[in-house]
Amino acid sequence: MKSNTKANYFGTDGIRGRVGSAVMNPQFMMNLGFSLAKVFGDKQKNLRVVVGKDTRVSGYMLESALESGLLSSGADVVSLGVAPTPCIAQMVRNSDSDLGVVISASHNPYTDNGIKVFDGDGHKLSSKIQNSIEDELQKDEPNYDYSDLGRVLRPTQPTSEYEAYCESFIKEPRNLAKLSIVLDCANGATYKVAPRVFEKLGLFPLCLGVDPDGTNINESCGSTDTTVLQKTVIEKKADLGIAFDGDGDRLIMVDELGEIVDGDEIVYALASRKKDLGTLTGGVVGTHMTNLGLELALADINVPFERADVGDRYVMETLREKQWFLGGETSGHIINLHACHTGDAIISALQMLDILGCARISLSELVKPVEKLPQVLINVSTENPKVVMRSKKLVKRVDRFRSELGEGGRILIRPSGTEPLLRVMVEGRDREQSSAIAEELSNIAKSEGLV
């Protein structure tokens, strides 16, 4: 029998955990496959599920178990193998499939893995649907009757339609012919797709992070560690660098000077361009982690700005509520609903290249209007981040520091949605002051976590 205690399997970005944990093992994956079929199944026809994964070695094991659970309940599986997260979302949306499942832990190390689920419209699931899946997972062990088994379909060119769609975002490839680019695919899901797309457009980037071995995804590469990319851009005197994360839904760039261009600056560039073309609908959605510099830069061009909770699903929810189309996170999740319904690093990169090609300016010039305020972020390891952040001692000290910073700064303390961490962020015009405040609050959080 399963536990009667309500389990919360879904975090801010699907289900995630260490391989071998209670939610990242073959038995759980089989049960998840069965539960998905129960929640989304239709007696009139077989459920059709698109499944893809990143390059983690554990993906093969988890994929097999998940597919077994789906197949045993009568669902048909379209298996794409290694493919970027947005590719699965796009394929579901543009086909007769009912559901998309991605096996990936995004930017986490290879020892972790996770599950992201998209509905038939290519959207991440609502909280209501997630709760239904969790309720199903809590029921007695599945009773398989094997009367209507599903089949696995393996397309011969699984990503071809997605690649063609990406290419469509460059109208005049010749505008980009002279750009020298360094591309870092994080040894992840974009390692084949992205270089192919770029080369079909006449771009021949110097490629990094395209030799996955199952354990080196996000290791000293990709959007979470741009050290090698920055060094290579400088050494090769390239015009810019492009870095994706492990599953291809985050984009970080590096300008010709070797400086990082993050999600805030990318969002500004896209919004500014849309504003000039008259195609910007409404304003821009960021998160509570978005740098105040972006908000001020958007105000200078009369573009409204709204903050949502951290997590691209919350950015998406706010965009829908306000009927806006552009938003993103500092980490590089860019959502442009005119283009796709989830973060897509390849498409966002191509849109940035198109702007550079048309404007004929450098990347550093393009994002220069965003004067970022110093922001200090410290991660505190704790098994109970939500409990620690509510401690009276920490709350009292946060209130005092907020008064000191006034309107020229911000403090945000929040639990990570994907790891056992408490994130302490302090933003202000004085970096030394922000660092001192962040250090003190982090030390308090550490001591409270030991109580």
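A salt bridge is counted here where a side-chain nitrogen of Lys or Arg lies within 4 Å of a carboxyl oxygen of Asp or Glu. Under that criterion D13, R16, K116, K124, D247, D249 and D312 are joined in one network of salt bridges, and the count for the structure comes to 23 salt bridges. The structure is a predicted model, in which local features need pLDDT of at least 70 and side-chain atom pairs count only at pLDDT 80 or more, while totals for chains, interfaces and linings use all residues. Residues are numbered from 1 along each chain as its sequence is written, and side-chain values use heavy atoms, with hydrogens and water left out.

**Salt bridges**

Side chains of opposite charge can pair when their charged atoms come close. Three such pairs are listed below with the distance between their closest N and O atoms.

| Pair | Closest N and O atoms |
|---|---|
| D247 and K116 | 2.6 Å |
| E167 and K200 | 3.9 Å |
| D264 and K372 | 3.7 Å |

Helices (H or I, at least four residues) and strands (E, at least two) are DSSP runs, numbered from the N terminus. Burial follows relative accessible area, with buried meaning under 20%, exposed over 50% and partly exposed in between (1.4 Å probe, protein chains only).

D247 forms its salt bridge with K116; the pair links distant parts of the chain, D247 being in the loop between β9 and β10 and K116 in strand β5 (residues 112–118), 131 residues apart. D247 is buried at 0% relative accessible area, and K116 is buried at 2%.

E167 pairs with K200, and because E167 belongs to helix α5 (residues 160–167) and K200 to helix α6 (residues 193–200), the pair ties together parts that are 33 residues apart in sequence. K200 is exposed, with a relative accessible area of 52%.

D264 pairs with K372, linking helix α8 (residues 263–277) to the loop between α12 (363–366) and β16 (375–381), 108 residues away. Here D264 is buried at 1%, whereas K372 counts as partly exposed at 29%.

**Helix α7**

Which residues of helix α7 (residues 227–235) are buried? They include L229, T232 and V233, which lie on the same side of α7 because they cover an arc of only 100 degrees around the axis, the arc being that of the directions from the helix axis to the C-beta atoms. The face turned away from this buried side carries the exposed residues T227, K231 and E235. Among the elements covering the buried residues of α7, in contact (heavy atoms within 4.5 Å), are β7 (181–184), β8 (206–208), β9 (240–244) and β10 (251–254). After α7 comes K237, whose phi is positive, near 55 degrees.
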